[in-house]
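Biologist: Could you walk me through how you justify the labels you put on a structure? I would like to hear the reasoning behind each one.

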Amino acid sequence: MQTYKGKSVFGGIAIGRIRVYQKNRQQVRRTRIEDTEAELARYERARIETVNQLKVLYEKALVEVGEENAAIFEIHGMMLEDGDYNESVQNMIQSNCINAEFAVAATGDNLSQMFAAMQDEYMRARAADIKDITERIIGNLQGTAKEDKVVGEPAIIVAEDLAPSETVQLDKKLILSFVTIQGSPNSHTAILARTMGIPALVGTSIPPEADLDGKMAIVDGTTGVLYVEPEEGLLREMEGRKEEEVRKRELLLEMKGQESITADGHRIRLYANIGNIDDLAAVLENDAEGIGLFRSEFLYLQRDTYPTEDEQFAIYKKVAETMAGKTAIIRTLDIGADKQCEYFGLEKEENPALGCRAIRICLKRPEIFKTQLRALYRASAFGRLAIMYPMIISPEEVRRIKKITEEVKRELRTQEIEYGEPEQGIMIETPAAVMMSRELAREVDFFSIGTNDLTQYTLAIDRQNQNLEEFYDPHHPAILRMIEMTVQNAHAEGIWVGICGELGGDREVTDSLLRMGVDELSVSPGNILPLRKAIRETQLREEGFGKETQVN
Ligand code: PEP
Ligand code: MG
């Protein structure tokens, strides 16, 4: 048996076989070749093989996800029949006497950069397609073709690291647990694992030579340990603990239908954080009183092209209808920083967390923003949606947003398309927003404090940097004071305020947050019932409710 220590991002126990997740990044080296004719023939074979694979994928997708979504494979196939791509590869092989892999990689880079720089949104989106087919041909040239990375039996996924875009594309039904070697508990991959409610470890000390694929393993999400090829005794003990957890969970179900109210009558709204409509089932199952954060950017990360207005409308409408009159707060796209989306064609930045992300992209590229807003306003006619804007730093930004929403509504009216009037809120996740919270509160209906980014920007610590975790302290008095200040300013202007960052579900500060007067906590669905139980067992007054609002 081998044991590896990691940092837990979600408790619980998973038992199953390991599947090592390999990224599709092929190493391509430039080599000089003598026989250019043979190399051209090798390229042609790989090209035809790729075209055939794409046809199979198209047929599979046609059945599974419908014609509109399958069309992407048809487009990829057409690109490989296209003169420009092939001519560029053939010319490079012939004139520079270089190997086919290098010629394909160079062509892919050149063409994708060219597409990424185009004005037209549709053409810009083609950059990601070029990269995709380039990887596929290189895979065929090297005999390591792209295949579904997670198939078969549900397994424990072990990976070097997982980008949010990779995580969202995995088939959730086939994942028992995530274990990554890199990564921090504040990363979006960790947040996704929490939303899915599965045991997960990050920053796990697995040496590169460990040969884990296919081996039986246990992930203990409570202690943060991965056991590979566990001994019989341990396996039995863990199976027992797993059953115990199921029993505890059943006991928690008694919390369903109960109010989220402290023992001395202080009521709070307990909402859920989600990233996908697949998470709606968990929202209902865990009896969330609403959705406090729908991370809409995951809709953009799951694909290679911009989601259309109608596609988004269908999703938001489903959320509104499923929540049947309960509030569902949809955050507009928060792309950027660690949530990179190739087809946005954004420039590479030195400091992406301080770069063009979230509302900044929306204000710079209003056509993308307006598509999402139209979908949101239309869907609002079917339920109680609210819209929330991320990464705000000034009232001026909110006024710019309002101009755009007014334009969207005017256009919908002119086109006689039905729409609703969703509540308008902003995220408080920059120190600037906290300092301006009194003025900002006059502009919107509610605030939601994003403590993950607020901690990152206040403490000047990259939330992704696993080497700085000892300094990344969401309980830092500076953060708690900022929350208190935000609540006071919000209430002074008569608006409500929630917390949708991970701190909202942190039991160690629940009483402090309640005493400060936070009106809503939005947490991962699996945390709703345990948190409701903790709230119901809390006495605020006995310890001096109203006096202890002071933060050290
Ligand atoms: C936050 O920053 O606290 C937040 C909720 O947003 P995200 O984690 O998606 O950046
Ligand atoms: Mg954030």
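**Labels and their reasons**

Modeller: Happy to, and keep in mind that this model is predicted. Let's start with the magnesium ion (ligand 2): its protein donors are E429 (OE) and D453 (OD), at 2.0 to 2.2 Å. The two come from distant parts of the chain, 24 residues apart, with E429 in the loop between β13 and α15 and D453 in helix α17.

Biologist: What makes E429 and D453 donors of the magnesium ion?

Modeller: The cut-off for a donor N, O or S atom is 2.8 Å here. The distances of 2.0 to 2.2 Å therefore qualify E429 and D453 as donors. Both residues are buried, too.

Biologist: Why is T538 called buried?

Modeller: Buried means under 20% relative accessible area. T538 has 11%, so the label applies. T538 sits in the segment after α20 and touches T262, A263, D264 and D511, leaving aside residues up to four places away in sequence.

Biologist: How do you know that the side chain of T538 makes a polar contact with A534?

Modeller: A polar atom of that side chain lies 2.7 Å from the backbone oxygen of A534. The limit is 3.5 Å, so the distance fits a polar contact.

Biologist: And what makes β1 and β2 edge strands?

Modeller: In the open sheet, ordered β1-β8-β7-β3-β4-β5-β6-β2, β1 and β2 each pair on one side only.

Biologist: How do you know that β2 and β6 pair?

Modeller: Pairing takes at least two bridges. β2 and β6 have three, in the antiparallel sense, so they count as paired. Within this pair, K7 stands opposite V202.

Methods
Residues numbered from 1 in each chain as written. Chains lettered and ligands numbered in written order. Predicted model: local features only at pLDDT ≥ 70, side-chain atom pairs only at ≥ 80, totals over all residues. Heavy atoms only, no water. Helix = DSSP H or I, 4+ residues; strand = E, 2+ residues; numbered from the N terminus. Buried < 20%, exposed > 50% of the residue type's maximum accessible area, 1.4 Å probe, protein only. Polar contact = N/O pair within 3.5 Å; in protein donor to acceptor, adjacent residues only side chain to side chain. Contact = heavy atoms within 4.5 Å. Donors = N, O, S within 2.8 Å, 3.2 Å for Na, K, Ca; no water.
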